[in-house]
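Trainee: I have a model open and would like to take a close look at one part of it with you. Could you walk me through it at an unhurried pace?

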Amino acid sequence: MAIKHILIDLDGTLTDPKVGIHTSIRYAMEKLGYPLAADLDIDWTIGPPLKPSLAKLLATQDDALAEQALLAYRERFSVVGLFENEVYPSVAKTLSALKKEGYRLFVATAKPTIYAKRILDHFELSQYFVHIYGSELTGERTNKADLIHYILEHEQLNPEECLMVGDRQYDILGARHNGIEAVAVTYGYGIAEELAQAQPKAMIKQFSELLDYVEERACKLFCVSSIFYK
């Protein structure tokens, strides 16, 4: 079926949040008395739900301690960190073109909705989306499969008319769980092996290639339909 609705991840797909997330994580760990080594690679924390990642950094199964770390993280992130962010090249132009072509765009991020909206407003990207969907501060819908299910149900969308775009395996697997085709961007925080194992329908090296992908897909569908009905 033709793609009508495009669900798009935020971190690592629309914007590069590395500085804000990393600095806020280090702030939280320092505050709790668990400072991280300066050369420790924590890129893997960008994308998945944050609380389990903090628990992993703390090497703990103590939910209360992980919750303390999350609250400390938000102390800095909610004021400064969310704006220590950078929009990837061609994002605004591509979103504008997709919207003009008639595609309905939705943000689907594990980041709390309250932060996602502020980030997208700050970078003037909110105008391109029908709605911005994220998780709750309480932790609801941090699982990407649950979030996508919620969007489909809330918007009454046909999965066969949807496309999910993201940079991590969580985006691809969450989409597949809901019967949605997925495209992976390779410039984000999903490593090559991770994306290969997730097996998205396609991979794109820059966000602008998304427009080419949906146009080519629509063209192929039209050609097949034309042959079938001749």
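In which loop does Glu 124 lie, and what can you tell me about the parts around that loop?

Mentor: Happy to, and please keep in mind that this is a predicted model. Glu 124 lies in the loop between helix 5 and strand 5. Glu 124 comes just after helix 5 and takes a positive phi of about 60°, although it is not a glycine. Most residues other than glycine have a negative phi. With a relative accessibility of 59%, Glu 124 counts as exposed.

Now step back into helix 5, which spans residues 113–122. Thr 113, Tyr 115, Ala 116, Ile 119 and Leu 120 are buried there. Because these residues cover an arc of only 160° around the axis, they sit on the same side of helix 5. What do the buried residues of helix 5 pack against? Their partners are helix 3 (63–77), strand 4 (104–112) and strand 5 (131–135). Tyr 115 also belongs to one aromatic cluster, together with Tyr 73 and Phe 77.

Let us go forward through the loop to strand 5. This strand belongs to an open sheet of six strands, in the order 5-4-1-6-7-8 with parallel pairing. Strand 5 and strand 8 (202–204) stand at the edges with a single partner strand each, so one side of each has no neighbour in the sheet. From one strand to the next, the twist averages 25°.

If you follow the sheet over to its other edge, you will find strand 7 (residues 181–185) paired with strand 8 in the parallel sense over three bridges. Val 183 has Ala 202 of strand 8 as its bridge partner. Helix 7 (residues 169–177) packs on the sheet, where it touches strand 6 (162–166) and strand 7. The direction of helix 7 makes about 175° with that of strand 7.

Back at strand 5, have a look at the aromatic rings. The structure holds five aromatic pairs, and one of them is formed by Tyr 133 and Tyr 150. This pair is edge-to-face, with 6.0 Å centre to centre and 75° between the planes. Tyr 133 lies in strand 5 and Tyr 150 in helix 6 (residues 144–155), so the pair ties together parts that are 17 residues apart in sequence. How buried or exposed are the two rings' residues? Tyr 133 is buried, at a relative accessible area of 4%, whereas Tyr 150 is partly exposed, at 27%.

Tyr 150 has a further partner: Arg 141 lies over the face of its ring, at 3.9 Å from the ring centre. You can find another such arrangement elsewhere in the model, where Lys 56 lies over the face of Trp 44, at 4.7 Å from the ring centre.

Helix 6 also leads us back to your starting point. Gln 156 lies in the loop between helix 6 and strand 6, and its phi is near 55°, a positive value in a residue other than glycine. Gln 156 counts as exposed, at 66% relative accessibility. So you can set it beside Glu 124, which is exposed at 59% and has a positive phi of about 60°.

How values were computed: Residues are numbered from 1 along each chain as its sequence is written. This is a predicted model: local features need pLDDT of at least 70, side-chain atom pairs count only at pLDDT 80 or more; totals for chains, interfaces and linings use all residues. Side-chain values use heavy atoms; hydrogens and water are left out. Buried means under 20% relative accessible area, exposed over 50%, partly exposed in between (1.4 Å probe, protein chains only). Helices (H or I, at least four residues) and strands (E, at least two) are DSSP runs, numbered from the N terminus. The arc is that of the directions from the helix axis to the C-beta atoms. Contact means heavy atoms within 4.5 Å. Rings of Phe, Tyr and Trp (its six-membered ring) pair if their centres lie within 6.5 Å; planes under 30 degrees apart count as stacked, over 60 as edge-to-face and the rest as tilted. A charge sits over a ring if NZ of Lys or CZ of Arg is within 6 Å of the ring centre and within 35 degrees of the ring normal. Two strands pair if DSSP finds at least two bridges between them. Axes are lines fitted to C-alpha atoms, for helices over the stretch in contact, and angles run from 0 to 180 degrees between N-to-C directions.
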